[in-house]
Amino acid sequence: MIRNLRPRNEKGFTLIELMIVVAIIGILAAIAIPQFSAYRERAYISAMKGDVNSVRTAEEAYFVDKDTYVAATVTDAGGDTLADFGIKSASPGVTVTVTTLAGPPPSFVATATNAVKTAKTVKYDSTTGKTTVQ
């Protein structure tokens, strides 16, 4: 009797098939979303490293001309002190702060932060010549 109520040429998916597809999509999303977040954070860190290296080059150029390093802050709006030495601005959201260290030989530390996108900071220390991610 039930067979007579349902047409023979009816096409479509059953509820079980749809639930299986939704479960598979959920599993794939659970794997992909954390990976995507990690890729984004690595991109932000790479941008901060690039900004620190640009500031390092500008500081060295400043040192050649003025025989001293300069304390400066470079944001995405610009940085006046190092503008003549190649630094127009930092990446969007990145702030690079340069702190000079007295003593023979003179040196500086450049620290890049992007507080909105990542909690990590990138530091360049001219005494060691190394860039670190903290």
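The expected span of a helix is 1.5 Å times one less than its number of residues. That rule opens the first exercise. The model is predicted.

**Exercise 1. Check the length of helix H2 against the span expected for its residues.**

Step 1. Locate the helix. H2 covers residues 15-66.

Step 2. Apply the rule. The 52 residues of H2 should span 76 Å.

Step 3. Compare with the model. The end C-alpha atoms of H2 are 75 Å apart, which agrees with the expected span.

Step 4. Look at what comes next. Asp67 follows H2 and has a positive phi, near 60°. Asp67 is a residue other than glycine. It sits in the loop between H2 and E1. Its relative accessibility is 58%, so Asp67 counts as exposed; the cut-off for exposed is over 50%.

**Exercise 2. Describe the overall build of the chain, and decide whether it is a compact globule or more spread out.**

Step 1. List the elements. The protein chain has 2 helices and 5 strands. Along the sequence they follow the pattern α-α-β-β-β-β-β.

Step 2. Use the radius of gyration. It is 27 Å, well over the 14 Å that the globule rule gives for 134 residues, so the chain is more spread out than a compact globule.

Step 3. Add the dimensions. The C-alpha trace spans about 100 × 25 × 20 Å along its principal axes.

Step 4. Add burial and contacts. Buried residues make up 26% of the 134 residues. Of the contacts with a separation of 6 or more, 36% are between residues 24 or more positions apart.

**Exercise 3. Work out the order of the strands in the sheet and how they pair.**

Step 1. Give the order. The 5 strands form an open sheet, E1-E2-E3-E4-E5, with antiparallel pairing.

Step 2. Find the edges. E1 and E5 (130-133) are the edge strands, and each pairs on one side only.

Step 3. Give the twist. It averages 15° from one strand to the next.

Step 4. Follow the pairs. E1 and E2 are antiparallel and share 3 bridges. In this pair, Thr73 stands opposite Thr97 in E2. E2 and E3 are also antiparallel, joined by 7 bridges. Thr95 stands opposite Thr113 in E3, and Val98 stands opposite Ala110 in E3.

**Exercise 4. Show how H2 meets the sheet.**

Step 1. Name the strands touched. H2 packs on the sheet and touches E1, E2, E3, E4 and E5. The direction of H2 makes about 155° with that of E3.

Step 2. Pick out the buried positions. They are Tyr44, Ile45, Met48, Asp51, Val52, Val55, Ala58, Glu59 and Tyr62.

Step 3. Recall the helix geometry. An α-helix has 3.6 residues a turn, so residues three or four places apart point the same way.

Step 4. State where these residues go. The buried residues of H2 pack against E1, E2, E3, E4 and E5.

**Exercise 5. Identify the central members of the largest nonpolar core and the elements that supply it.**

Step 1. Name the best-connected residues. The core has 22 residues, and Val55, Val74, Leu82, Val96, Ala110 and Ala112 touch the most other members.

Step 2. Name the suppliers. H2, E1 (72-74), E2 (95-101), E3 (107-113) and E4 (121-125) each give two or more residues. H2 gives the most, with 6 residues.

Step 3. Examine one member. Beyond its neighbours within four places in sequence, Ala112 contacts Met48, Val52, Val94, Thr95, Val96, Thr121 and Val122. Met48 and Val52 are among the buried residues of H2.

**Exercise 6. Compare Gly103 and Ser107: is each buried or partly exposed?**

Step 1. Place Gly103. It lies in the loop between E2 and E3. The hairpin of these strands has 5 residues between them, and Gly103 takes a positive phi near 115°.

Step 2. Judge Gly103. At 35% relative accessibility, Gly103 counts as partly exposed. Its C-alpha atom is 31 Å from that of Ser46, 57 residues away along the chain.

Step 3. Place Ser107. It is found in strand E3.

Step 4. Judge Ser107. Its relative accessible area is 5%, so Ser107 is buried; the cut-off for buried is under 20%. Leaving out residues up to four places away in sequence, Ser107 touches Tyr69, Thr99, Thr100, Leu101, Ser126 and Thr127.

Technical notes
Residues are numbered from 1 along each chain as its sequence is written. This is a predicted model: local features need pLDDT of at least 70, side-chain atom pairs count only at pLDDT 80 or more; totals for chains, interfaces and linings use all residues. Side-chain values use heavy atoms; hydrogens and water are left out. A nonpolar core is a set of buried Ala, Val, Leu, Ile, Met, Phe, Trp, Tyr and Cys residues joined through side-chain atoms within 4.5 Å. Buried means under 20% relative accessible area, exposed over 50%, partly exposed in between (1.4 Å probe, protein chains only). Helices (H or I, at least four residues) and strands (E, at least two) are DSSP runs, numbered from the N terminus. Contact means heavy atoms within 4.5 Å. Two strands pair if DSSP finds at least two bridges between them. Axes are lines fitted to C-alpha atoms, for helices over the stretch in contact, and angles run from 0 to 180 degrees between N-to-C directions. The radius of gyration is taken over C-alpha atoms; the globule rule is 2.2 Å times the number of residues to the power 0.38.
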